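Hi everyone, thanks for making the time today. I'd like to walk you through one structure, and please have it open while I talk.

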Amino acid sequence: MFSRMLRKPLIVTIKKSSTRSRYFNTWQRCNFSSQRIPPDLKENQRKTVTSFPPLSEPIPNLPKAVYSTTKEEHQTTQITVLPNGLKVASENRFGQFCTIGVLIDSGPRYEVAYPSGISHFLEKLAFSSTNTFDSKDKIMLALEKHGGICDCQASRDTFVYAASAERRGLDIVTQVLGDIVLRPQITEEEVQISRQTVHFELESLHTRPEQEPILMDMIHAAAYRQNTLGLPKICPEKNIERIDRKILHTYLKHHYVPNRMVVAGVGVEHDDLVHAVTKYFVDQKPIWEEQPDLILPNNANTVDMSVAQYTGGYVLEECNVPIYAGPSGLPELSHVVIGLEGCSHQDPDFVAMCVLNMMMGGGGSFSAGGPGKGMYTRLYTNVLNRYHWLYSATAYNHAYADTGLFCIHASCTPSHVKDMVEVIVREMVAMTSGISDNELARAKKQLQSMLLMNLEQRPVVFEDIGRQVLATGTRKRPEYFMQAINGISKDDINRVAQRLLKSPPCLAARGEVKAVPSMADIQNGLLDAQARKKVKAVPLIRSVMQDTQD
């Protein structure tokens, strides 16, 4: 504001404020001889010109700026464990709005004793009728009175229900969350609507050029042999009619229990959140305790506690991938994902694996770079910028509680599938060598900046708190990760890259993929330290991903 005010003519602003007059008088007493004034200017124009202070000199007699040094409350994460095992975690941040949500140790990996697709259904049924609110419209109306919005997301091992609203709406938001998690009606009508929604999504997935959701299910199925993390996140079509109200309530009874849940909040007083959670999550009983007839008869506790076992393998699907519509003119593409066993988010190598993933980067050949990609990452400089027939190449690092999956997804025209696999294998082998100081420093800085920029958003902070407390019972501050990233060396990157290459590969391919090399040739290419062996194409061995029955 001061910078704008300094450039205004003196004759415009001198009238009303005594404070401004004092500063303007000071400026008038200054020697402005350094300014050149054209001799042909009129008198009033000359006065206006001389009113501007020179930008090369500080303004004299300005008061010294005083900056706040107060440490804000939100620097501490408070955690309370209630008597029933439910954890409550929060950070109080300045602002009018808050984010509150429930994170549950649930997801597709726990569906081995159920028809696969329950988590997909529960996403569609979120924020529907409950014991207190008899329709979704009433829930939305209750949230809107406090400027609230809500969301539900399921990953392979975590389910998240969340809402953001004004701080004064803490009680009603907590009531809504308690009801949708522990007391959902899940009526026959709602189940039928969810069936239609899931069916439409399946049709949409197979008619869109984007193949990432399907390929992520395929590569996990290949890596974990369709168990635990290999179970599908997308509901198989034959299970749409099998999943009913009683199956859903039975699943909820065994998985939505206090010791598998965390209620997290950002922008709230911790004691107020604990009081509200006790009121709606502890004092009020779940619907399956009040109505036992909702549960399947003779159903024992069927929570799968298996540890994920990485096996490696491949899943190929020969099909026609839809073509991009519009003026882009992109041809039909074939997609291949090659993966290796990574590490869990509690592994000592986790941070180094994240830096390696950032170093590889990637993206699409028509994108200009950005978070997670970068124009100087290896998949950009060594792959996308060198091979015109490659349309995308992106590295992913999936980390879970007991394992991880590091993979590269690439797409190209069908005639270059064999060459694309060879290029990706070569880049995986090259991860163990040739790391420059600039390359490592850039990857570390990019990872740090991405982490800190994401944590400027309240919902991201909420999810970070909830996921860490759910996994470990505590939360590490961003400063911890900053220091950990700074401590990563080239030796660390080489070590984790060699660790990746020691695992058997997994592969998922979709489209026209007859020329995809055999797993034996891909394995040999990864084991060859100098990447000299050529990956040879062999006839396609068809492998159809089977959907879990029970």
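Let me start with one cut-off, since I'll lean on it a lot: a residue counts as buried when its relative accessible area is under 20%. Please also keep in mind that this is a predicted model.

With that cut-off in hand, go to helix H5, residues 118-125. Seven of its eight residues are buried, so the helix is largely enclosed by the rest of the structure. The buried ones are Ile118, Ser119, His120, Phe121, Leu122, Glu123 and Leu125. And what do the buried residues of H5 pack against? Two strands, S4 (149-154) and S5 (159-166), and two helices, H8 (188-205) and H10 (245-255). Just after H5 there is a backbone detail to look at: phenylalanine 127 has a positive phi of about 60°.

Now zoom out for a moment. The protein has 550 residues, and 51% of them are buried. There are 20 helices and twelve strands. For those of you who like contact maps: take the contacts between residues at least 6 apart in sequence, and 77% of them join residues at least 24 apart.

Next, the sheet. It is an open sheet of six strands with mixed pairing, and the order reads S7-S12-S8-S11-S10-S9. At the edges sit S7 (313-318) and S9 (362-364), each pairing on one side only. From one strand to the next, the twist averages 20°. Helix H9, residues 212-224, packs on this sheet and touches S7, S8 (334-341), S10, S11 and S12 (506-511). The direction of H9 makes about 145° with that of S12.

As a quick reminder, strands of a sheet pair through backbone hydrogen bonds, either parallel or antiparallel. Both kinds turn up around S12. S7 and S12 run parallel and are joined by six bridges, with glycine 313 partnered by cysteine 506 in S12. S8 and S12, on the other hand, pair in the antiparallel sense over five bridges, and there valine 337 has alanine 508 of S12 as its bridge partner. S12 itself is mostly covered, with six of its six residues buried. Further along the sheet, S10 (390-399) and S11 (404-412) are antiparallel over nine bridges, and asparagine 397 stands opposite phenylalanine 406 in S11.

Stay in this area and find cysteine 319, in the loop between S7 and S8. Is cysteine 319 buried or exposed? Its relative accessible area is 18%, and the cut-off is under 20%, so cysteine 319 counts as buried. Leaving out residues up to four places away in sequence, cysteine 319 touches Glu332, Arg510, Gly511 and Glu512. Look at the glycine in particular: cysteine 319 and glycine 511 are 192 residues apart along the chain, yet their C-alpha atoms are separated by 4.7 Å.

Let's finish with the empty space inside. Rolling a probe the size of a water molecule over the atoms shows where empty space is left. Here the count comes to two cavities of 30 Å³ or more.

The largest cavity has a volume of about 100 Å³. It is lined by 13 residues, and Leu125, Ala126, Ile180, Pro184 and Ile186 lie nearest its centre. You have already met Leu125, as one of the buried residues of H5. By class, this lining has nine nonpolar, three polar and one charged residues.

The second largest cavity has a volume of about 50 Å³. Its lining consists of Met358, Met359, Tyr376, Thr377, Glu439, Arg442, Ala443 and Gln446. That makes four nonpolar, two polar and two charged residues. Which helix gives the most to this lining? H16 does, with four residues. Helices H13 (350-360) and H16 (437-454) each supply at least two residues.

One last stop, still on H16: glutamine 448 is found in this helix. Glutamine 448 counts as buried because its relative accessibility is 7%. Setting aside residues up to four places away in sequence, the glutamine 448 contacts are Met482, Ile485 and Asn486.

That's my tour, and I'm happy to go back to any part of it.

Note on methods. Residues are numbered from 1 along each chain as its sequence is written. This is a predicted model: local features need pLDDT of at least 70, side-chain atom pairs count only at pLDDT 80 or more; totals for chains, interfaces and linings use all residues. Side-chain values use heavy atoms; hydrogens and water are left out. On a 1 Å grid over the protein atoms alone, a cavity is a set of points where a 1.4 Å probe fits but cannot get out, and a pocket is an open set with protein on both sides within 12 Å along at least five of seven lines; lining residues have an atom within 4 Å of a point. Grid points are joined across faces, edges and corners, and a volume is the space filled by probe spheres set on the points. Ala, Val, Leu, Ile, Met, Phe, Trp, Tyr, Cys and Pro count as nonpolar, Asp, Glu, Lys and Arg as charged, and the others, Gly among them, as polar. Two strands pair if DSSP finds at least two bridges between them. Axes are lines fitted to C-alpha atoms, for helices over the stretch in contact, and angles run from 0 to 180 degrees between N-to-C directions. Contact means heavy atoms within 4.5 Å. Buried means under 20% relative accessible area, exposed over 50%, partly exposed in between (1.4 Å probe, protein chains only).
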